[in-house]
Amino acid sequence: MLNSKLCQLLQIKYPILQGGMAWVATAELAAAVSNAGGLGLIGAGHMPPDALKIEIKKAKALTDKPFGVNIMLMSPFVKEVMQVVVDERVAVVTTGAGNPGEYIPALKEVGTKIIPVVASVALAKRLERVGIDAIIAEGMESGGHVGEVTTMALVPQVADAVSVPVIAAGGIGDARGVVAALALGAQGVQIGTLFAASVECTAHPNYKAAIIKAKERSTVVSGAITGHPVRVIANKLTREFAEMEKQGATVEELDRLGAGKLRAAIREGDVEYGSVMVGQVAGLINSIRTVDEIMQDIVQNVPKVITGLTQNM
């Protein structure tokens, strides 16, 4: 783990990235993960450029280690936030929901590494051709926006299809998940829900409590009809969403129902009518710990897991 190509590429101690979760992945969380030896990410979501600049400067004040920004290419501010990242010379950019090709020359000019999130082999191969530095292969177990392929099936196929480092995401919540990801051909992992349930995460206590309470079947994939399905904890909002879908609601009506619900859950603590985006791995999480405790638990147990495998053969 300590000498992987991914660590050398990103100048980090451990090949562990924190997911760029909108409203959850603030400067505080990103800095804590970077200080603990991983790569923290600020989730830009639909942030306007001024707000992102404030978060980046805050992260720089909290850590002298590399950190990154996750940018949703569907954001109405995508061009402006990309310019902020270039101006601030952020070490890493991860992207979702699109092709970052047009932004790559400017990012590379300032030394920023570009790592898109993909849910299919075809997209991974297409993005490798435009010059990205690594790929995050994210399975449908993850929280938030999801594809249709599981981590177990997706990661080895992406690893076989591309030559850049592959980072596994979706369903990873302890050292066993990390070892499994490495066995599948990944050179590192991205972890979201586990870090969301940390002391340093600034999300509302109700949101964290919902993670702790969740079991392996507590989440559902909602909103497939909109073209942007998301994995969330089942609640009154998901039931209303499903009922509206059944009654033939339009995409526009469903979009209106979902508007602002992620912020309601994470910032206001509304876990009944808010969008509580977490992954299936929530069933493994039973306590709120510091980021450093989470990181050290993973790192110290990876060798034990590997030793256990050889002893059981």
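Cys201 sits buried in this predicted model, at 3% relative accessible area, where buried means under 20%, exposed over 50% and partly exposed anything in between (1.4 Å probe, protein chains only). Cys7 is buried too, at 5% relative accessibility. As for disulfides, taken as pairs of cysteine sulfur atoms within 2.5 Å, a search of the whole structure turns up zero.

A word on how the values were obtained. Residue numbers start from 1 along each chain as its sequence is written, and side-chain values use heavy atoms, with hydrogens and water left out. Since the model is predicted, local features need pLDDT of at least 70 and side-chain atom pairs count only at pLDDT 80 or more, while totals for chains, interfaces and linings use all residues.

Now for the sheets. Helices (H or I, at least four residues) and strands (E, at least two) are DSSP runs numbered from the N terminus, and two strands pair if DSSP finds at least two bridges between them. Eight strands make up an open sheet with parallel pairing, in the order E1-E9-E8-E6-E5-E4-E3-E2. E1 and E2 are the edge strands, each pairing on one side only. From one strand to the next, the twist averages 25°, with axes being lines fitted to C-alpha atoms (for helices, over the stretch in contact) and angles running from 0 to 180 degrees between N-to-C directions. Within this sheet, strand E4 (residues 92–96) runs parallel to strand E5 (residues 113–118), and four bridges join the two. One of the partners can be named: Thr95 is bridged to Pro116 in E5.

There is also an open sheet of three strands, this one antiparallel, ordered E7-E11-E10. Its edges are strand E7 (144–145) and strand E10 (219–222), each of which pairs on one side only. Two bridges hold E7 and strand E11 (residues 230–233) in antiparallel register, and His145 has Val230 of E11 as its bridge partner. In general, strands of a sheet pair through backbone hydrogen bonds, either parallel or antiparallel.

Helix H2 (residues 27–35) is largely enclosed by the rest of the structure, because seven of its nine residues are buried. The buried ones are Ala27, Leu29, Ala30, Ala31, Ala32, Val33 and Ser34. What do the buried residues of H2 pack against? The partners are strand E1 (16–18), strand E2 (40–45), helix H3 (49–62), strand E3 (67–72), helix H9 (193–196) and helix H14 (291–311), with contact meaning heavy atoms within 4.5 Å. After H2 comes Gly37, with a positive phi near 110°.

On the other side of the story is Thr26, in the loop between E1 and H2. Thr26 counts as buried, at 11% relative accessibility. Its side chain makes a polar contact with the side chain of Glu28 at 2.9 Å; a polar contact is a pair of N or O atoms within 3.5 Å, where within protein one must be able to donate a hydrogen and the other to accept it, and residues adjacent in sequence count only if both atoms are side-chain atoms. Leaving aside residues up to four places away in sequence, Thr26 touches Leu41, Ile42, Glu55, Thr202 and Arg267.

Next, the nonpolar cores: sets of buried Ala, Val, Leu, Ile, Met, Phe, Trp, Tyr and Cys residues joined through side-chain atoms within 4.5 Å. The largest has 82 residues, and those touching the most other members are Ile42, Leu52, Val69, Ile71, Phe195 and Tyr207. Val69 touches Leu41, Ile42, Ala44, Leu52, Ile56, Val85, Val90, Val92, Val93 and Thr94, again not counting residues up to four places away in sequence. Apart from the largest core lies another, of 14 residues, including Leu6, Leu10, Val117 and Ile167.

A few loop residues deserve a look for their backbone angles. Gln11 is not a glycine, yet its phi is positive, about 60°. It lies in the loop between helix H1 (5–10) and E1, and counts as exposed at 58% relative accessibility. Arg89, also not a glycine, has a positive phi of about 50°. Arg89 belongs to the loop between helix H4 (78–88) and E4 and is exposed, at 58% relative accessibility.

Finally, Ile306 is in helix H14 and is partly exposed, with a relative accessible area of 40%. From C-alpha to C-alpha, Ile306 and Gly45 are 37 Å apart in space, and 261 residues separate them in sequence.
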